[in-house]
Amino acid sequence: MSLFDYTIKELQEKLNNKEITVSDLVEESYKRINETDDQIQAFLTLDEENAREQAKALDEAEVDANQFPLFGMPIGIKDNIVTKGLRTTCASQILSNLDDPLYDATVIQKLNDAKSVNIGKLNMDEFAMGSSTENSSMKTTRNPWNTDYVPGGSSGGSAASVAAGQVPFALGSDTGGSVRQPASYCGVVGMKPTYGRVSRFGLVAFASSLDQIGPITRTVEDNARILEVISGQDQMDSTSANVDVPKYSEALTGDVKGLKIAVPKEYFREGVDENVQAKVKEALKVLEEQGAEWDEVSLPHSKYAVATYYMIASSEASANLARFDGVRYGKRSEKAKDMMEMFNLSRSEGFGEEVKRRIMLGTFALSSGYYDAYYKKAQQVRTLIKQDFDQIFEEYDVVIGPTAPTTAFKVGEKIEDPLTMYANDIITIPVNLAGVPGISVPCGFHPENNMPIGLQIIGKHFDESTVYQVAHAYEQAAGYYKEKPQLGGAKS
């Protein structure tokens, strides 16, 4: 049995009882990476020397592990979250020379204060633009349940590393489903918090009004504990909210009696796999047996979510990525003969095809004569999508549906069809547009390809506690969190 089969609470008890050391946990992580990462390709950079030194220092400190919420816990970090002195690339060639960042992101500072140990940086779609991690300029990450399949994206490296048992926890970022969708594909737990719950300082921006950092774990309990650590207002991020951070782990009572669940009919539309629908309906029956009530509802403007999202996200990406020009940030082309060539070549050589596609779309949407017709209209529709959720939450506690319309697809199957790839986020995107929290938890396996299926639970603004409450009650009743992949094959 791997040490990472235990929860944070169980591992800390073992540390306090001197059954294991922090060095044991770190060595377990690197051992598993050495055994599996040739197949999975989850990590871009490992921080072995520093991690082992930190583990040794924590072992020698002889303190009560319970004094620190993540004492000695190994963790992987998506490579768009800045880490002082540790290479941060966003899986892009334009940042391939950023070997020594000068500061830590706020979430990294919080993890350091909680005494966790950073194992390394994880692969992703370039600048978080993608749904399969095939848009990375560094490598293609594979799904641990079957390496012929993608792990999802853009936080595919984070989800795959947790599913493969390389690290017990990882951080990802979610702009339109990039934590929840890979969590669904890889059979793990992924939370996208309320916008403003977690500081974005040090997260390399894709779309600033949509991005949120979130944890990926094997269990809901572990997920809640990590969110407790990384949440909170930050003076370095003006969009972080001045609201109290609850003890999310205290919400895990297992009691959902009397809770009201809304099930949008739009989440069971054409294009959502029948077997995915069936598993979600089975999950609703489990919650119903525990005393929850559910009704079918409508989120009428959700059908506009994909078009709205890609207009807003691409526009914000166009503005955010303008700074990567070979002068202020990024790798400079060596072929340039003058200033204009330097700008053009640095960006054309440094950015991949998907990033260029979104920059061009966003630049067009923001240009004179088109701003009102596209970007402004998208923001107006975004308000309607948010109002749909507000109206539902006047009567219901959570919204439940599938996380993704299908299970993971095969590597190379959709990469040449960007419109089909974009539609893959159709159920997760509305959550980001509305700014509400959402979590994906495993709810079974597809009978044809044996790949994991995710259940999405969506909550009110800053009500992650209720989301965790429902997710934990379902998780414990269903038991799918106990399943683990055998690399390259079926579930064990």
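**Sheet, core and aromatic pairs**

In the predicted model, residue I230 touches V107, K110, L111, L171, V198, I213 and P215, when residues up to four places away in sequence are left out of the count. I230 and L171 also belong to the largest nonpolar core, which has 144 residues, and they are among the residues with the most contacts inside this core, together with F127 and I457. The largest share of the core is contributed by helix α9, spanning residues 305-320, from which 8 residues come.

The UniProt annotation "domain: Amidase", taken from an unreviewed entry, covers residues 24-467. Over this span, 36% is helix and 14% is strand, and the C-alpha atoms at its two ends lie 33 Å apart.

The model contains an open sheet of 11 strands with mixed pairing, in which the strand order is β1-β3-β2-β4-β6-β5-β10-β11-β9-β7-β8. The edges of the sheet are occupied by β1 (43-46) and β8 (293-297), each of which has a single partner strand, so that one side of each is left without a neighbour in the sheet. On average, neighbouring strands of this sheet are turned by 30 degrees against each other, with direction ignored. Helix α2, formed by residues 22-40, packs on the sheet and touches β1, β2 and β3 (117-122), and the direction of the helix makes about 20 degrees with that of β3. Within the sheet, strand β2 (residues 74-78) pairs with strand β4 (residues 169-174) in the parallel sense, over 3 bridges, and G76 has A170 of β4 as its bridge partner.

Aromatic residues were examined through the pairing of their rings, and the count comes to 14 aromatic pairs. In the pair formed by F389 and F393, the ring centres are 6.2 Å apart and the planes stand at 20 degrees, so the pair is classed as stacked, given that planes under 30 degrees apart count as such. These two residues lie 4 residues apart in helix α12 (residues 372-393), and are therefore separated by about one helical turn; both F389 and F393 are buried. Ring pairs also link F127, F324 and F351 into a cluster, and F127 is at the same time one of the residues with the most contacts inside the largest nonpolar core.

Definitions and conventions:
Residues are numbered from 1 along each chain as its sequence is written. This is a predicted model: local features need pLDDT of at least 70, side-chain atom pairs count only at pLDDT 80 or more; totals for chains, interfaces and linings use all residues. Side-chain values use heavy atoms; hydrogens and water are left out. UniProt positions are given in the numbering used here, feature names are shortened, and annotations may be inferred rather than shown by experiment. Two strands pair if DSSP finds at least two bridges between them. Axes are lines fitted to C-alpha atoms, for helices over the stretch in contact, and angles run from 0 to 180 degrees between N-to-C directions. Contact means heavy atoms within 4.5 Å. A nonpolar core is a set of buried Ala, Val, Leu, Ile, Met, Phe, Trp, Tyr and Cys residues joined through side-chain atoms within 4.5 Å. Buried means under 20% relative accessible area, exposed over 50%, partly exposed in between (1.4 Å probe, protein chains only). Rings of Phe, Tyr and Trp (its six-membered ring) pair if their centres lie within 6.5 Å; planes under 30 degrees apart count as stacked, over 60 as edge-to-face and the rest as tilted.
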